[in-house]
Structure formats: C-alpha cells, structure tokens
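Trainee: Please take a close look with me at the contact in this model. I would like to see what it is built from, and then how some other places in the model compare in setting.

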Amino acid sequence: MMENFDVVIIGGGPAGMAAAVEAARKGVSVAIVERNDELGGILNQCIHSGFGLQYFKEELTGPEYAENFKNLVEQAAIKVFLKTMVTDISPDKKVTAVNEDGLVTLLAKAIVLAMGCRERTRGAIKIPGTRPAGVLTAGLAQRYVNMENLKPGNRVVILGSGDIGLIMARRLALEGMEVLGVYELMPYANGLFRNVKNCLDDFGIPLHLSTTVSRVIGYPRVEAVEVCQVDDKGCAIAGKEKIIPCDTLLLSVGLIPENELSLKLGLKLNGASNGPVVNQDLESSVKGVFACGNVLHVHDLVDKVTVEAIQAGKNAAEFALFNTVRRDEQSQFIKYSNNIAYTVPSIFNTSKDLLVKFRVRKPITGGQIKIFSGDQLISESRIRDFKPSSMEEISLKKDDLCDQAKGLSIILEEASA
Amino acid sequence: MTKYDVIIIGGGITGSAIARELSRYKIKTALLEKGLDIGLGATKGNGGVVHQGYDPVPGSVKAKINAQGAKQYPQLSKELGFEISNPGLFVLGFGEADLKVLEHKLDYGIRNGIKEIRIVDKDTVKDREPHINPNVTHALAVPSTTVVDPFEVALAFAENAVDNGVTVFLGQAVKKIEKQGQDFLVSTETKSYLTRYIVNAAGNHADDVAKLAGIEEYQMQPRHGDLLVFDREMDIKPQTVMFPCPGPDTKGIACIPTIHGNTIVGSTATMMDDKDDVANYKNGIDALIDGVHHILPELDDKKIIRSFAGLRPVVLDHDNDFYIEISKTDSHFIHAAGIQSPGVASAPAIAERVRDLLNDAGLDLPRNLNFNPFRPAPTIFNVLSELEKNMLIKNNQAYGHVVCRCETVTEGEILAAIKGKIPATTVDGVKRRTRAGMGRCQSGFCQYKVLSILAREQQVAIEEILLEDSGSQLIFGKVKG
C-alpha cells in the first residue's frame, strides 16, 4: 500500500497529536503513524493528575489530556494508522511501516518526528549483583499497575528520584504495596518539587539523597538490595553500605530520546540532549524533517511538549506548502556556559524570533541568565534559583539577535560563593 | 520404562552438540537438562568467539579438539541455520616483551594447524581498527576467527537432534544415579530413566553428577567472568575480535563484535567457590571498562546496555585442559567435563570424540539412514527485504505486529519460538531466541506484551509466567480484585 501525504507524523503521543492538529489546521493532508492500538502515548498510563495547568488552564489526568487531543485529531480529518510500526524513513521522506495488512509506504513532503523517549535501564547504570526477576523501570511498573491491573511486587525500593519514580512511589503506596524508600545518587531530587512533596512527603516515603543501590541480591527473585552512601563525586563510601530486604527494585534513572529512526535517517544528533540537532524552526539536519516533544529533548511538563509540537506541526505544514528554503548554511551553534546541560535549538539564525530551551546541570541558587551576541549583552534575566528538574525557556526577538556572525552565547552566572 | 542407549546429562552447547552427533546413529538417545531451557550455563555466559586454536598447548586434547571444532563452524552454520560472522582476530602486543609471547602463540597456532595466522605490524592493525590504542606495536592476526551466538548454536544442535529422534527433557535435574545390572537408573525429582551409557556434560556440576554415580575422578571449580554488552549504535566500535596479550589462565579482556552488531567486552577471570554465582561484581565491571579502554581508548562506556556473567568449568589440577574420557571407574560413563574456553569452538569436535569413546566403550553405532543434517534458519523479520516482509505478513498477520521496537521483533517470530522444537517457555527464553527485549530499552516496552503472548499460548495466568528459572515470576497477582 502506498499513499501520499503533505505531512507524516511519526508517533501518536501528545507531541504527535498536537503537531498533526496544527498541521491540519494549515490545510495540508496529514497522517499519524502510531505503533500502539490507540493514540495518547505514555499519557494513557499516567492516570495521576497535574497535566494541563499551563495549556488548558485546568488540572487533568494524563488520559484526559490525551482525550482532548484525540478529539481534535478526530475532528481534523487526519489519517491515523494504529498498530503500525515505522521501520524506516529515507531522506527523500519515504516512510516505510508495517502493520497487520502488510507493508505501508507513505510518501511525505514533510515529516515530524514525535517518537518520545525511553527509560534508562539497569544495564545503563551498571548496578552489580544478581539478575533476578523484580528489577524493572518505573514506566513498566506504571503500565502493569495502571493499565493491566497487575502487581509487579510487594516490597519495593525505588532508585532515582525522577518524576516517574516519585509518581510511582505514591501510586504503589496507594495500591497497597510497601514502598521502602526512594534512593537518589545526587544530593538533590531529580523530579519536580511538587512531586517530592505530593508523592513522598505526604505519604511518609523517605527520600535518601546521595545514596545509590550498589548491589542487587537474590535469585530467582530479588531478595534485597544493598544501598550505599556516595561522596560528592558519586562514588560509594566504603562502610556506608546497608542491606534493604525487598522483592522489587524500581528504576527511575533518567529518560533518553528514542533515536532509532533519527539514526536511520542519518540525522545529526546533539550529544548533550541526545536528540536531533534542530534549528529554531525545529527542523533537523535533513530538510523538511522536524522533531518535537521528548524525541527532541526530555521535557518536564506535557504542556510544554504541546507548545513545541504545535510549532513543529506549523513549520512542517509550511514546508510542505511552500517548500520553504531554509538558511541552514548560515546557522550557527548556540554557545552556552558549563552549568547548562544543553540548549534546544542547538543552532540558530537571525531570520526570525528565537525561543531557547535548556536545563541546568545542577541546582543553582541565585543565578542570572545573560545572553550575549558577541560581546554585546542583549538580554538578562532577574536573579533566581535554577533546578535541573525544570526546563527553562528564553524568548528572544529577531531584532535583538543582532549580527549572526557574532554568535550567540547563553551564560548562567552563579552568585559568587 | 523406555531404555535409552545413551543419556546425556547437561544441555549446554557441549551436550547439545553431542546429542546432534549421536542422532546420526540408530541408537536411542535422551538429553536431560535441569534448566527450563537449554544453554543456560556457561553457554549463554560467554562472548561467542570461535577461537581457531592459537592458545592451547600443541599436543593437548584441547589443541586438537579446538582446531577440529572451529573448522566445522562455517559448514555447520549452513546446515543448522545459525548466524556466523567472520571478523577475524587480533592478539595485541604492546612492546617487545609482548612480541615474544605473540611469537610463541604463533608457533602454537601453526603447530595446531591454523591457516593464515601471522604477526602483523601496527599499521596493519590501524588500517582495520583506526581507533586502536596508539601504544600497540604488533598483533597476532588470526583472520579465520568467527563469531556466533553460542545459545543459538546450542539451540540449533538440540533442535536438529530432536528432529532426528533424540528426546530432550527440560527441568530435569539429576538427583540420583543407580546401577541396575549393566545399566544406569537416572532419577530426577519427577522421573526415572534407564540407560546403558551416560555422557556427563553437566558443565560446572560435572563432578557432582559423576559423584552421584559413585565416580570421583576429578574436582571442579568455576572461573567467573563478568561481561558487558554495548549498544549497536556507537561512533567507535571494534570491527575485529581483539584480545590483549594473554596471561597464564585467561586470554584477557577482549572486545568482540557480535553477530547482531553489538559489542561484547569480556571477560574477567576469577576462581570462585560457588558454582551457581553468576552475579556481576563491581570490580569486574570496572576492570572490563579499563580493559576495553586499553584496546580502544575512546570507546564510549556510557553505551553499556547490559552486564552478565558466566562460569567456565575448570577441572582442577588438569593444566586447564578438557577432561574428555571414559570413566576409569565405569566404562559406560563418559566424561565431557572441564569445557572451559574455547568450549564453543570445540563443541562439534568434542561431540565426535565422545561418539568415538562410546564406540570404544562397546556401544554399536549403526548409521541412522534418515539423518537430516539440516535445520531451517528461523525467520528474522528485521533482515528481510520489503517485498519479503509484505509476503510474510500477507501469509501470517502476526508478522505485522511488531512487539519489540528496539530490535524490530514481531509476534510471528515470538510465536515461532514458543512453538519451536525446543520451545521458549519463559520471557528470557523468548529473548534469547528472538532478541525481543535485548535492545537498548531492555524490555521496558515489550516485556508486558511478551508476557501476554506466553500466557495466552500456554493458557495460564500471567502471574505464572517466569523470567527464567523456577521461582522467577514477574507478576505477583492482580492489583485489585
């Protein structure tokens, strides 16, 4: 089967749906290719509330947030392919997928990548010990508990204070499982402040900072974990080990953009954000291929994913309509100070306004963002605190960007200690 | 009670190869494996290099068997439908002292009959491996070195054996061996088997199994090794199997390009007491990272997706040699013990040797005229052309349902594994056969789907599905009601 579309969106989660709706609004033909049997992505298993406060100005659960966009997709004459897995995308924008009917080939004028992200695993953080049943990522546990009504354990230790870990601590406690504690390698929580308060503090679940799981014990099922305090370099301190009997270890140790298709397409990747390199139109190194949502960089709030995806959808539609000639060759990398982990976009030009998003590497008390074009200070923020758990945004007007040749630097100045 | 001519105890690559070899003859053979799958011991816990035989001392059992076994792999791959690659191998030298060792190994290699083995200079290594440690001065090159997935090979042997009349019993840990006249009565917790001959291929437990039959001819101890698996997508990865200059008991920490495009780094070598301890150790993992950086200093150690460990079965006081002999205590009991490295390469020749020993011990081996050496290769959806994929799905919709997104594994492949000659009954059994869950998300997205398919096909509740061994349930029941 072969079909033509102006814009093909890969992934039907929040990013894909918002991009599709916005593209369709511009009057182009749009298809969403989704591997699951319904739209909504990971939102479907996030049954807690806290979504939508920024975008919809009301507090919604994940499925409610998804439902709003599913309705918009339905109203917008968007072709949705469900249970369809994209296996390849070529730079000339041929999307190859499979489903139960066979091979599906979609020829697109523009593509939006919206595949989301995946969780870091035990292997990635190299926890020594046995390899029994009972070690799983927080997202998998969320799926078991919230969608499948299955209990993945009874006595649970959580490693990592990412938002999913915090949310799952509360969820498992509410469902009658015993959550023995959340352990975090860093000296600060990795999740949003509100989640530490609502999910741990309110449920009396202890958060142990500067402590990691140093060994998994037991076979064929987890029988205990060894936890250990770490020094300021993150190295285990000998003699500070403690054995915690449990039957389950949940991991919430970070998210990584899903890169399979980006790599197959030959996109340049940004080693710092782990997503594709994009310009301020969210266009990747392959013309007409855009990226948004967690496949581009891991967001803190779905509301911000939506806003980003709308931009990607709009730009993809315009590309399909006008085959807009971009001025990538004149784009420059955005420079930033060491305490910033990455920026999105990573390259910019002076042809239009620029919204820069970034995260800090560590908590900063009393910092100030200063933006320079060459040596010239073009913008500065007020002095405030910064946390790695929050995504920061700076909006710059085209006219403020000055001369592109001078470059653009984002410097986060820390109050002198 | 069925009386077998031969019972093989142990379903690793050695036992499976023996089973397949014996299926060429018109005798009644059974294989007993204590695990719920074959290949769960040292077989799945190693790097998969088919060593050509530069390491064993010429004249040793190991030297002969290694070279003979390794030569058979390309042909076996065609017959049995398992994948094989030919990356070649370098043993790297860092300076003149190492060169002496390499020359010594070259001499071994030539005497053990390896073709094309030679010493090459730094530039030859660098041409093939541009990111090699700049301190490398020479290398012993063994271009014929191949790489396989040892589990896949063991499965292929065992399935072909089943096809040719061998019976494989899984979940059968041998608890008792009694003599009944000339015969043995082999008992597990649930069953008993009568047999004329026993082949002991019980890996790290070979001495324990022998002891059950009253045979105490050697003692075994495991040599533990940690291994790491790296992501397929890496800027810098090896094209060649690369070892450092070897030590007395181990070939050292190597980097190995696998048949699936990953890199395996392994392994450490520590003598242990516990024959079942395949945990990973932090000092081992650290040593592996140092070890691979000694070869490829710029390899990105953030790309690790999994660590695992294996135990090489070592017969003590036996010069690290294999122990393949007719028992001195009972001539109907054959040892295929101490199959440490290079056990994968040696398996086909060990099987032939065991066959000869059985014959020497009085077992008649009339040819099985119906022997079919071929086993069809399993379908791997991901490597098919678009046309082939489309055809496959049109014939069977299950191939249009991608279950594992990292490795693009379809429900059709999983069903084939579950319905195979040696069926996958556990989540890890499915993973080893199909690669579902072997990718960088390590089953975060597909574990539930695999569980559901297993439960559906076995017609049991999801709570009963195991990760691997008995007692490894993943789910503890319903959350509500």
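Mentor: A word on naming will help first: helices and strands here are DSSP runs, of at least four residues for a helix (H or I) and at least two for a strand (E), and they are numbered from the N terminus. Please also keep in mind that this is a predicted model.

Let's start with the contact. Chain A brings 47 residues to it and chain B brings 53. Putting the two chains together buries about 4,300 Å², and carbon and sulfur atoms give 57% of that area. On the side of chain A, the residues that lose the most area to chain B are A:Glu100, A:Lys126 and A:Arg131, which together account for 15% of what that side buries.

Now the polar side of the picture. Between chain A and chain B there are four salt bridges. In one salt bridge, the side chain of A:Lys94 meets that of B:Glu386, with 4.0 Å from N to O. Across the interface, 18 residue pairs are in polar contact, both partners being at pLDDT 80 or more. Which elements of chain A each supply at least two residues to the side that touches chain B? They are strand 6 (85–89), strand 7 (94–99), strand 8 (102–113), strand 9 (117–119), helix 3 (122–125), helix 4 (138–147) and helix 7 (260–264). By residue type, the side of chain A that touches chain B divides into 17 nonpolar, 13 polar and 17 charged residues.

From here we can step to the nonpolar core. The largest one has 66 residues, and A:Val7, A:Ile10 and A:Leu113 have the most contacts inside it. Helix 8 (residues 302–322) of chain A gives the largest share of this core, nine residues. In soluble globular proteins, nonpolar side chains tend to be buried together. Beyond its neighbours up to four places away in sequence, A:Leu113 touches ten residues if you follow this list: A:Ile10, A:Ile89, A:Ser262, A:Leu265, A:Leu267, A:Val289, A:Phe290, A:Ala291, A:Cys292 and A:Val295.

For contrast, try A:Asn338, in the loop between strand 21 (335–336) and strand 22 (340–344) of chain A. A:Asn338 counts as exposed because its relative accessible area is 71%, and exposed means over 50%. From A:Asn338 to A:Thr105 the C-alpha distance is 44 Å, with their positions 233 residues apart in sequence.

In chain B, look at B:Thr434 in helix 11 (residues 427–434). B:Thr434 counts as buried because its relative accessibility is 9%, and the cut-off is under 20%. A polar atom of the B:Thr434 side chain lies 2.7 Å from the backbone oxygen of B:Val430. Leaving aside neighbours within four places in sequence, B:Thr434 is in contact with B:Val409, B:Glu413, B:Ile414 and B:Ala417.

Finally, some backbone details. The peptide bond joining B:Ser341 and B:Pro342 is cis, with omega about 0 degrees, and B:Pro342 sits in the loop between strand 19 (333–337) and helix 8 (343–360) of chain B. Another cis peptide bond runs from A:Tyr219 to A:Pro220, with omega near 5 degrees; A:Pro220 is in the loop between strand 14 (211–217) and strand 15 (224–230) of chain A. A:Lys83, though not a glycine, has a positive phi of about 45 degrees. A:Lys83 lies in the loop between strand 5 (79–81) and strand 6 of chain A, and is partly exposed at 37% relative accessible area.

Note on methods. Residues are numbered from 1 along each chain as its sequence is written. Chains are lettered from A and ligands numbered from 1 in the order in which they are written. This is a predicted model: local features need pLDDT of at least 70, side-chain atom pairs count only at pLDDT 80 or more; totals for chains, interfaces and linings use all residues. Side-chain values use heavy atoms; hydrogens and water are left out. Contact means heavy atoms within 4.5 Å. Buried area is the accessible area (1.4 Å probe) that two parts lose on being put together, summed over both. A polar contact is a pair of N or O atoms within 3.5 Å; within protein, one must be able to donate a hydrogen and the other to accept it, and residues adjacent in sequence count only if both atoms are side-chain atoms. Ala, Val, Leu, Ile, Met, Phe, Trp, Tyr, Cys and Pro count as nonpolar, Asp, Glu, Lys and Arg as charged, and the others, Gly among them, as polar. Buried means under 20% relative accessible area, exposed over 50%, partly exposed in between (1.4 Å probe, protein chains only). A nonpolar core is a set of buried Ala, Val, Leu, Ile, Met, Phe, Trp, Tyr and Cys residues joined through side-chain atoms within 4.5 Å.
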